[in-house]
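I opened my notebook to go through this structure one spot at a time. Here is what I looked up.

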Amino acid sequence: MRSNSTNILVILCFLLTLPVFGQQKVMMAVQPKEDAPTISRHIYGHFAEHLGRCIYDGFYVGEDSKIPNKAGVRMDIVEALRDLKIPNLRWPGGCFADTYHWKDGIGPKEDRPSILNIWWGNVREDNSFGTHEFLNMCELLETEPYLSANVGSGTPQELADWIKYTNHPAGSSPMPELREKNGRTEPWKVTYWGIGNEAWGCGGNMTPEYYSDIYRRYATFTTNWNNSDGLVRIASGASSSDYNWTEVLMKNIPKNLIEAIALHHYSVIDWGAKGPAKNFSEEQYFTIMERALRMEELIQKHTAIMDKYDKDKRVALYVDEWGGWYEVEPGTNPGFLYQQNTMRDAMIAGATLNIFNNHADRVKMANLAQAVNVLQAVILTEEEKMLLTPTYHVMRMYNVHHDATLIPIEFDSPEYTFNDQSLPAVSASASMDADGKVHFSLVNIDAKKTQMIELDVTALNLKSVSGEVLASAKLQDHNTFDNPNKVQPKAFKGAKLANGKLQLELPPFSVIVLEATK
Ligand code: AHR
């Protein structure tokens, strides 16, 4: 039998969960853990391919441009990405990488040969943006380069030479001598090396068995016996739910030859009918969010396979291509993948980054596709004009999680229901940075409903809270060159902290990031 006081407690607990103004509260509780992983800042990485207007007429406008630039690189883009604290940049592809011969892109520009960019619009690639231009640009951006090497149509020798050219000390062998001759004495010291891209498709249409053999061969010539150079070699990974790909690679590649395995997952309605980037329906929004939230299951299942072969988690999972993919903007080159970016993209970004944060024990890098003017870009340009997309704002709001310690949050999400289907409406992640500040990032993807959130933060002993919100009147809202600040974050003053509880309202399709101090 229950005592009277127990009964009162049960009734009180019940009352607490009752709808507030017709709406159930979302009860969350933080569960700090001693052995919680660090959220690698590299989860917030980017990707720049020789595709459409990402490099040429994007990052790189050439030294003679009237747009302010340093060695041809647009300085407004550099400043915006520095504000984002961009941790790494993957280059030169993508599919382009497996057609790229890096030696075409060094030396005097007038002597560099042209090639045809067969994957992206069959345009002439004049190789005026090559290894020096990219690695010097990374220095300007204060970011780490991630070079994606050509396995599909290249050779192990080409890859080995590229590593020596970029990394070995001046004068130590012919490749660093060539680098010096081309104007750069000090090596750039590139840590991240992709061994091919999408080897199952544009990277060579290989089987996982064949690719794992090829991988072993290429990886052998990247470094010395024990990889004392500390290179991170990234195997070309699975497409979405191709679990067999991960299984075969994890089984066949010896652990001393691999530091990371990739995964690519795009949020696309249907490859034959992708739907518009701006004027989409709620049904299309719902489907895209379903695709985006699949990332949770994909990471869980690929991780489970990796755990079987690598229980100590030595090999990291790098989601080195992700984002929303729609039809190109009307009137633009279909091969250039130029699309606008709306509040829907902010929802993809917020929810996906929460998933990555919460899997920080295995996911150590991710690269949004792509940085400028391509797919889910953070920056769009039109001649001298530049705008920051809603996705940019989410990435900037979330950069407080870089290298912070994950604080797991437990809760049951309410459902976002459309027609007869439903998705979890709310996603969240939290971390504590080196100064002891705690950050919460919360996303509500529901197109109509506000969510009432109550976070039990007793365990953290917090004293004050402030925040920022990204919200807008319509899901389709986006920034344009005439109205570049239509969607932008605002200060959020609606969070109340009292008696170990943090309470707030999360508007429909919004992202809120809170900072709390002890
Ligand atoms: O990001 C565009 C393309 O998508 C990349 O080149 C390729 O890797 C993927 O299929």
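**Ile 195**

I started with Ile 195 and asked myself: is Ile 195 buried or exposed? Ile 195 comes out at 0% relative accessibility, so I wrote it down as buried. I should say right away that this is a predicted model. Next I looked up where the residue sits, and Ile 195 belongs to strand 9, residues 192-195.

Then I checked what Ile 195 touches, skipping residues up to four places away in sequence. The list includes Ala 149, Val 151 and Leu 159. Tyr 211, Tyr 215 and Tyr 218 are on the list too, and so are Thr 222, Arg 233, Ile 234 and Ser 236. I picked out Ile 234 for another look: Ile 195 and Ile 234 are 39 residues apart in sequence, yet their C-alpha atoms are 5.8 Å apart in space.

**Cysteines**

How many disulfides does the structure hold? I found one. That disulfide joins Cys 95 to Cys 202, with 2.2 Å from S to S. I reminded myself that a disulfide is a covalent bond between the sulfur atoms of two cysteines. The angle about the S-S bond is -85°, and the link of Cys 95 and Cys 202 is left-handed.

Where are the two ends of this pair? Cys 95 is in the loop between strand 5 (88-91) and strand 6, while Cys 202 is in the loop between strand 9 and helix 6 (208-220). They are 107 residues apart, and the pair links distant parts of the chain. Both Cys 95 and Cys 202 are buried.

I also looked at cysteines outside the bond. Cys 54 is in no disulfide, and the nearest cysteine sulfur, that of Cys 138, is 12 Å away. A disulfide needs the two sulfur atoms within 2.5 Å, so that pair doesn't qualify. Cys 54 has 0% relative accessibility, so I noted it as buried. Cys 138 is in no disulfide either. Its relative accessibility is 2%, so Cys 138 counts as buried as well.

**Helix 3**

Cys 138 led me to helix 3, where it is one of the buried residues. How many residues of helix 3 are buried? Nine of its eleven are, and the helix is mostly covered. Among the buried ones I listed Thr 131, His 132, Glu 133 and Phe 134. Just after helix 3, Glu 142 takes a positive phi of about 55°.

**Odd backbone angles**

Glu 142 made me look for further unusual angles. My reminder: most residues other than glycine have a negative phi, and most peptide bonds are trans.

Asn 127 has phi near 60°, a positive value in a residue other than glycine. I found Asn 127 in the loop between strand 7 and helix 3 (131-141). At 0% relative accessibility, Asn 127 is buried.

Asn 205 has a positive phi too, near 50°. Its place is the loop between strand 9 and helix 6. Is Asn 205 buried or exposed? Asn 205 has a relative accessible area of 63%, so I put it down as exposed.

Then I went on to the peptide bonds. The bond from Gly 93 to Gly 94 is cis, with omega near 15°, and Gly 94 is in the loop between strand 5 and strand 6. The bond from Ala 369 to Gln 370 is also cis, with omega near -10°. Gln 370 is in the loop between strand 13 (363-369) and strand 14 (379-382).

**Thr 352**

I looked up Thr 352 in helix 9, residues 343-358. Its relative accessibility is 2%, so Thr 352 counts as buried. Which backbone oxygen lies 2.6 Å from a polar atom of the Thr 352 side chain? It is the one of Ile 348. Leaving out residues up to four places away in sequence, Thr 352 touches Ala 292, Met 295 and Trp 322.

**A patch on the surface**

My last entry is about the outside. Leu 116, Ile 118 and Trp 119 form a nonpolar patch on the surface, with about 290 Å² of accessible area together. Trp 119 is in the loop between strand 6 (115-117) and strand 7 (123-125). With a relative accessible area of 36%, Trp 119 is partly exposed. The cut-off for joining a patch is over 30%, so Trp 119 passes on that count.

Methods:
Residues are numbered from 1 along each chain as its sequence is written. This is a predicted model: local features need pLDDT of at least 70, side-chain atom pairs count only at pLDDT 80 or more; totals for chains, interfaces and linings use all residues. Side-chain values use heavy atoms; hydrogens and water are left out. Patches are made of residues with over 30% relative accessible area and no salt bridge: like charges are joined within 9 Å, nonpolar side chains (Val, Leu, Ile, Met, Phe, Trp, Tyr) within 5 Å. Accessible areas come from the Shrake-Rupley method with a 1.4 Å probe; for residues, only the protein chains shown count as cover. A salt bridge is a side-chain nitrogen of Lys or Arg within 4 Å of a carboxyl oxygen of Asp or Glu. Helices (H or I, at least four residues) and strands (E, at least two) are DSSP runs, numbered from the N terminus. Buried means under 20% relative accessible area, exposed over 50%, partly exposed in between (1.4 Å probe, protein chains only). A polar contact is a pair of N or O atoms within 3.5 Å; within protein, one must be able to donate a hydrogen and the other to accept it, and residues adjacent in sequence count only if both atoms are side-chain atoms. Contact means heavy atoms within 4.5 Å.
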